[in-house]
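Here are a few exercises on interfaces, each with a worked solution. Have the sequence and the model open while you go through them.

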Amino acid sequence: MAEMKTAAYICSGCGIGERVSTAQMAKVAQKEGKMALVREHACLCDESGVQAIRDDIEKEAVTHIVIAACSRRAKTEAFNFPGIAMSRANIREGVIWSQPDDADRAETTQEMADDYVRMGCAEVKKMKVPEGNPNRASNKRILVVGGGVSGMTAALEMADAGYDTVLVEKSAALGGWSAQLVKRVPSKQPYADPADTGIAELAAKVSGHKHIKVYLNAVIAQTNGAPGRFSVDIAQESGATVTEEVGALIQATGFTPYDMMQLPELGAGKSPNVVDQLGLEKLVKAANGSPVKRPSDDGEVKSVVFIQCAGQRDEAMESGGRHLPYCSGHCCATSIKQAMYFKDANPDIDTMVMYTDLRVPGTGEDFYRSGQQKGVIFTKGKTASVEASGNACKVNFKDLILNEDATIEADLVVLATGMVANSGMNIDIPEEEVAKMEVKPVSILNLNYRQGKDMPQLKNGFADSHFICFPYETRRTGIYAAGPVRRPMDMTQAIEDATGAAMKAIQAVENASLGRAAHPRAGDLSYPIVRLEGCTQCKRCTVECPFGAIDEDEKRFPVFNESRCRRCGTCMGACPVRVISFENYSVDTVGMQIKSVDMPDEFSEKPRILILACENDAYPALDMAGMQRRSYSAFVRIVPVRCLGSVNTIWITDALNGGWDGVMMMGCKKGDDYQCHFVKGSEMASYRMSKVDDTLKQMGLETERVASYEVAITDIERVPQLIDEYAAKIKEIGMSPMKGFA
Amino acid sequence: MSEHAVAPYRNDFLREVEKNVEEGHWVKMCMQCGVCAGSCPLGNAWAHPPQEIFMMIRAGKREEVLTSDSMWMCTSCYNCIVRCPRQLPITHIMHGLANYAHRLGLAPKGQPTQATATLFWNNLIKKGRVNELTFSLALYFKDGFVQGIKNALGMQSIGLGLMKAKRLNPMEILGGHGVKDQSGLQAMIAKAREIEDRKKGFSK
């Protein structure tokens with residue numbers, strides 16, 4: 001590689017030149033930053049500015065550049081120099097826009113700008129240009145687990161896009177539960193009548209597609225590898241095992257209806273005339289167009305009661321209740337559809353839907369109205385019990401509108417039980433407990449990963465995926481969840497979900513083949529590099545990696561699967577001996593920034609507060625605060641980090657030893673409703689920081705000198721307030737006694 | 001089982017309402033949001049707000065609905081119609097129900113709105129015009145002779161004022177004026193009633 005040649009570019013555009021002395025910044029870059037070339041420009045992002053940088057790269061062989069202008073989040077297209085290491089000093093959003101234009105703040109504003117130049121110069125000298133994952137692989141086939149409506153849709157979407165797809169289905173036929181439906185809830189205007197499922201056509205398309213290979217009566221025996229090079233053993237009914245090489249997987253294993261036998265109070269098992277929603281589909285299918293028969297005596301059904309939320313939304317669940325605590329979402333519309341089976345055939349049949357809250361979002365409202373038009377009766381009531389009396393069933397309930405107990409007789413009772421995810425094993429249950437279980441959990445993916453055989457679950461047994469921000473992403477890179485395995489949903493949503501997951505899988509194989517990261521650092525060429533000679537085999541990185549990217553060899557050394565890595569740096573933050581780094585993001589690139597600032601002495605009344613801000617949420621929030629000219633203390637210096645999970649405690653100790661007066665860490669929300677782009681990063685950081693108090697006490701420092709905050713991207717007003725409150729706190733506890741020793 | 005015995009929560013009474021009550025076919029479209037109940041300025045005076053009436057119809061509470069004085073409390077302010085997210089003509093349904101209960105003889109006896117409406121109707125169809133004097137007097141005396149005298153004395157000054165302003169002709173007490181072709185009017189009303197009876201199931 002060519003020798004490093006540095007250059008710094010100071011922009012005076014966007015008002016920077018009017019607020020701070022760019023000449024002073026240029027001097028700092030030259031004298032303290034030791035930049036070989038320093039240039040000032042009136043508008044660096046325009047053609048002439050960008051050309052000047054290109055010329056230096058070409059003619060002066062510049063390899064490392066510092067751009068002191070706007071935030072690293074702005075003008076990314078102009079400042080795009082492939083093969084060049086670049087650091088961006090945030091003078092616009094981070095300094096002139098976040099500091100009031102007052103004469104008495106001019107000095108501290110200039111100090112801020114100078115420090116960001118120092119930090120940029122310090123960072124860039126420790127950066128290398130990432131060359132891309134050397135262990136990349138370029139298998140672009142995609143395997144889908146599950147042949148229901150989600151799995152078939154995903155396979156078809158990918159196959160139509162030209163990607164070879166393998167579909168593995170456990171049963172003997174494609175279609176899943178949807179194949180058992182007589183009709184489906186409509187997905188097209190006017191959303192008034194039950195519609196054809198279209199499953200037979202979909203299955204025929206899948207079976208006949210030249211890019212789709214279908215395995216029926218088959219399960220996954222083992223999954224090895226990483227994006228771009230998965231190797232999947234498929235166990236077939238015959239006992240034979242086939243190995244398929246693929247680049248990504250989609251898990252569309254769907255759901256199992258909640259076992260209605262758990263609901264004897266609602267008559268399940270007491271009378272054959274009490275069925276669940278799939279049971280009713282079977283009855284209607286068996287009737288084959290003629291009137292539906294009552295199972296107990298084959299008498300014609302004249303009245304039906306549909307009981308919503310049967311075994312669902314169990315409020316007692318939190319305190320150890322027996323049934324599902326959540327709403328499965330589709331059942332209200334499904335019951336309306338099933339009531340229409342009767343009403344459309346014979347309007348004289350009484351059909352009643354007993355609900356506590358009718359949940360039919362979107363076009364479901366039209367379908368609900370259509371049900372009412374057809375004479376389906378809706379009663380807001382809570383079912384207490386269902387008794388079998390001869391061929392009839394008695395439904396005892398409380399009418400919640402009339403506020404009284406009542407009873408209705410019906411020939412048939414349909415229980416709207418919910419969806420239970422087929423998400424495989426819960427890998428968080430310790431092996432000892434699994435050993436005690438009567439029914440052993442069965443793995444679906446049989447991943448040969450250190451962290452467990454299936455995908456991690458979030459809550460209620462659904463595969464972990466962020467249901468709003470990045471729905472198909474799981475914690476196993478290159479494996480995407482689609483359909484009711486990740487949250488309860490209806491057929492329309494499952495089709496949309498499968499399409500989304502198909503796109504993600506395609507993106508994953510394409511990125512993997514180029515040695516790039518997947519979401520959320522899609523396109524990032526850096527990857528973790530470990531210096532194994534320094535490793536103490538402590539296993540922290542392998543345990544803490546949220547994505548199961550790191551396995552262990554026989555000697556318990558970490559084995560990195562770069563293609564599985566999302567480049568969050570949680571391993572780097574975890575490593576107690578600091579042997580893990582990225583080419584352009586390392587303990588040094590941040591550490592040197594912390595060490596590079598000019599530290600005023602104890603008596604200056606100018607404290608210095610380090611902010612380590614998550615680049616996904618907190619840093620944009622800070623930038624936006626600047627854009628809205630919301631000012632904050634001039635004593636802070638902000639360093640963006642990939643994730644709070646990547647924060648190594650050495651940065652904190654270095655900062656405090658170096659005389660910094662306080663450290664603010666800003667990361668995303670953690671827990672079940674996390675907002676962390678790397679799922680567990682902020683949680684790891686919070687766990688590590690819970691131990692930092694001891695270090696502070698050892699150093700003889702107040703515990704307030706390190707503080708953590710959960711910051712969302714929308715906290716634009718709140719972030720400056722947090723900073724100012726913290727700055728006031730530091731003023732109160734006084735300057736750090738550690739200044740001047742480093 | 002008598003003709004109108006209704007099993008709870010079966011659709012018999014709902015079907016009866018759909019068939020015989022003006023705008024009754026809207027009852028099934030109520031989604032029980034309660035906006036009508038919350039919007040009624042006389043809500044406090046109602047034993048059952050419209051939302052509840054609709055539920056009672058679906059629950060088959062025939063007797064309770066038809067003997068209720070709730071729908072007689074409606075003053076036709078139309079707040080509920082304007083606000084109903086399902087666009088139910090609630091005011092009209094209330095009047096339809098009241099009328100149906102009255103026709104069946106189930107409306108509560110002595111209910112003031114019903115009594116007033118009956119007097120108004122009977123007064124009107126006599127000559128095709130409302131005779132304000134006889135209508136007012138009939139209203140004063142509807143609760144008995146003594147109460148009638150009290151009412152009349154209480155309204156004395158207003159009555160005299162109206163007379164002075166020539167807005168009230170005391171001679172109207174003798175029968176007053178009417179529309180032309182009164183036998184034609186009676187024939188029209190009889191025909192209308194016959195059609196209505198046929199539609200609402202009152203024809204013998």
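How much area do domain 1 of chain B and domain 2 of chain B bury between them, and what percentage of it is on carbon and sulfur atoms?

Before solving it, some ground rules. This is a predicted model, where local features need pLDDT of at least 70, side-chain atom pairs count only at pLDDT 80 or more, and totals for chains, interfaces and linings use all residues. Residues are numbered from 1 along each chain as its sequence is written, chains are lettered from A and ligands numbered from 1 in the order in which they are written, and side-chain values use heavy atoms, with hydrogens and water left out.

**Exercise 1: inside chain B**

Solution.
- Step 1. Find the two parts: domain 1 covers 12-104 and domain 2 covers 112-200 of chain B, with bounds taken from an automatic or database domain assignment.
- Step 2. Get the area: these two domains of chain B bury about 710 Å², 38% of it on carbon and sulfur atoms. Buried area here is the accessible area (1.4 Å probe) that two parts lose on being put together, summed over both.
- Step 3. See who pays on the domain 1 side: Asn20(B), Trp72(B) and Arg103(B) lose the most area to domain 2 of chain B, together 63% of what that side buries.
- Step 4. Look for charge pairs: the rule finds two salt bridges across this interface, where a salt bridge is a side-chain nitrogen of Lys or Arg within 4 Å of a carboxyl oxygen of Asp or Glu. Arg103(B) turns up again, in a salt bridge with Asp197(B) at 2.5 Å, N to O.

**Exercise 2: domains 2 and 3 of chain A**

Task: work out how domain 2 and domain 3 of chain A meet, and find the charged pair.

Solution.
- Step 1. Place them: domain 2 of chain A is 142-254 + 422-513, and domain 3 is 257-419. Their C-alpha centres are 30 Å apart.
- Step 2. Count the contact (heavy atoms within 4.5 Å): domain 2 of chain A puts in 20 residues and domain 3 puts in 23.
- Step 3. Take the area: about 1700 Å² is buried between them, with carbon and sulfur atoms giving 69%. On the domain 2 side, Val182(A), Val185(A) and Tyr191(A) lose the most, together 29% of what that side buries.
- Step 4. Find the pair: the count is one salt bridge. The side chains of Asp193(A) and Lys374(A) meet in a salt bridge at 2.5 Å, N to O.

**Exercise 3: chain B against chain A**

Task: describe where the two chains touch, starting from residue counts.

Solution.
- Step 1. Count: 19 residues of chain B are in contact with 27 residues of chain A.
- Step 2. Take the area: about 1900 Å² is buried between the chains, and carbon and sulfur atoms give 52% of that.
- Step 3. Tally the salt bridges: there are four between the chains. Asp350(A) and Arg15(B) meet in a salt bridge at 3.0 Å, N to O.
- Step 4. Trace the elements: α1 (12-20) and α3 (50-58) of chain B each supply at least two residues of the side that touches chain A. Helices are DSSP runs (H or I, at least four residues), numbered from the N terminus. The largest share of that side, five residues, comes from α3(B).
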